[in-house]
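Q: Please take one part of this structure and look at it closely. Then work outward from there to the rest of the chain, with the numbers where they exist.

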Amino acid sequence: MYKRQLPTCAALGNLNNNPADMRYEDTCGMVYDDVTQVVNRITVAKSNISTASQTPVTRTIEYGKTYTWTVRVPNTGNAATNNLIVTETLGAGWEGIAAVKGSLASAIFTITEGAGGSTIVWNIGRLALGTTWTATFSAKAEDLGTDYRNTLTAHTQCATAGCGQSVAVPTYSSPLQDFN
């Protein structure tokens, strides 16, 4: 029986002049090292979605008015993303939520509205190296709403199910105070 060691994610970029030594070990602990150690250049290909954003970041809102945000998820790494999912979570102060597919025609999205908050989930899939996915969404400020915060979350997963990356970006809205 042979025991296989699972790979781990390396940092983005070139890893020059690092020794690579291939070996394996059986379940009894016997090491088999039949490959000579060689210095090689290994380039780690990895997407980078860490600069995802939504604008505006803050705003003052007035009850009953509809507001729009723009979501941007650029891939600034050195490889395409895999299985990119973008989620916008809206607090309990919003209703009448609407969204668009975004810049990739293949993107699919769902909107789930609830009394305690709502979500928009875009299933982007693959995002090519050096491209930016953008979309807009809008929501109407509820009277007596309790939470006007929105949080953008983007998550990507490598094709091998490892190397996942996530980023979360909150925005805040403050109700305009009024007196009768």
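A: S138 lies in strand β13. In this predicted model, S138 has a relative accessible area of 15%, and S138 is classed as buried because the cut-off for that label is under 20%. Leaving aside residues up to four places away in sequence, S138 is in contact with T66, Y67 and T68, and also with G96, I97 and A98. As for side-chain direction within a strand, the side chains of a regular strand alternate between the two faces of the sheet.

Strand β13 covers residues 132–141, and a loop leads from there to β14, residues 150–156. G145 sits in this loop. Apart from residues up to four places away along the chain, G145 touches A92 and G93. The C-alpha atom of G145 is 8.8 Å from that of Y63, although 82 residues separate the two along the chain.

Next come the charged pairs. The search of the whole structure gives two salt bridges. One joins the side chains of R149 and D147, with an N to O distance of 3.4 Å. R149 is partly exposed at 39% relative accessibility, and D147 is partly exposed at 24%. A salt bridge also links E62 and K65, again at 3.4 Å from N to O. E62 has a relative accessible area of 36% and K65 one of 42%, so each falls in the partly exposed class, between the 20% and 50% limits.

Strand β10 (94–99) is followed by a loop that ends at β11 (108–112), and S106 is found in that loop. With a relative accessible area of 54%, S106 is exposed, because the limit for that class is over 50%. S106 touches N123 and I124, again without residues up to four places away. For the pair S106 and N123, the C-alpha distance is 8.8 Å at a sequence separation of 17 residues. N123 belongs to β12, where it stands opposite I108. Strands β11 and β12 (residues 118–127) run antiparallel and are joined by five bridges. They form a hairpin with five residues between them, and G117 in the turn has a positive phi of about 145°.

Some backbone details follow. Most residues other than glycine have a negative phi, and most peptide bonds are trans. N83, which is not a glycine, has a positive phi of about 55°. N83 is located in strand β9, residues 81–90, and is partly exposed at 44% relative accessibility. The peptide bond from T55 to P56 is cis, with omega near 0°. P56 lies in the loop between β6 (53–55) and β7 (58–61).

On the surface, Y24, M30 and Y32 make up a nonpolar patch whose accessible area is about 280 Å² together. Y24 belongs to strand β3, residues 24–26. Its relative accessible area of 35% makes Y24 partly exposed, and Y24 can belong to the patch because membership asks for over 30%.

For the chain as a whole, the secondary structure consists of 15 strands and zero helices. The protein has 180 residues, of which 31% are buried. S138, where this account began, is a buried residue. Among contacts with a separation of 6 or more, 68% are between residues 24 or more positions apart. The protein exposes about 10,800 Å², and carbon and sulfur atoms supply 54% of that area.

Last is the confidence of the prediction. The average pLDDT of the protein is 81, and 77% of the residues score at least 70. Over residues 1–7 the pLDDT is below 50, and this stretch has eight contacts in the model beyond near neighbours in sequence.

Notes. Residues are numbered from 1 along each chain as its sequence is written. This is a predicted model: local features need pLDDT of at least 70, side-chain atom pairs count only at pLDDT 80 or more; totals for chains, interfaces and linings use all residues. Side-chain values use heavy atoms; hydrogens and water are left out. Patches are made of residues with over 30% relative accessible area and no salt bridge: like charges are joined within 9 Å, nonpolar side chains (Val, Leu, Ile, Met, Phe, Trp, Tyr) within 5 Å. Accessible areas come from the Shrake-Rupley method with a 1.4 Å probe; for residues, only the protein chains shown count as cover. A salt bridge is a side-chain nitrogen of Lys or Arg within 4 Å of a carboxyl oxygen of Asp or Glu. Helices (H or I, at least four residues) and strands (E, at least two) are DSSP runs, numbered from the N terminus. Buried means under 20% relative accessible area, exposed over 50%, partly exposed in between (1.4 Å probe, protein chains only). Contact means heavy atoms within 4.5 Å. Two strands pair if DSSP finds at least two bridges between them. pLDDT is the predictor's confidence in each residue, from 0 to 100.
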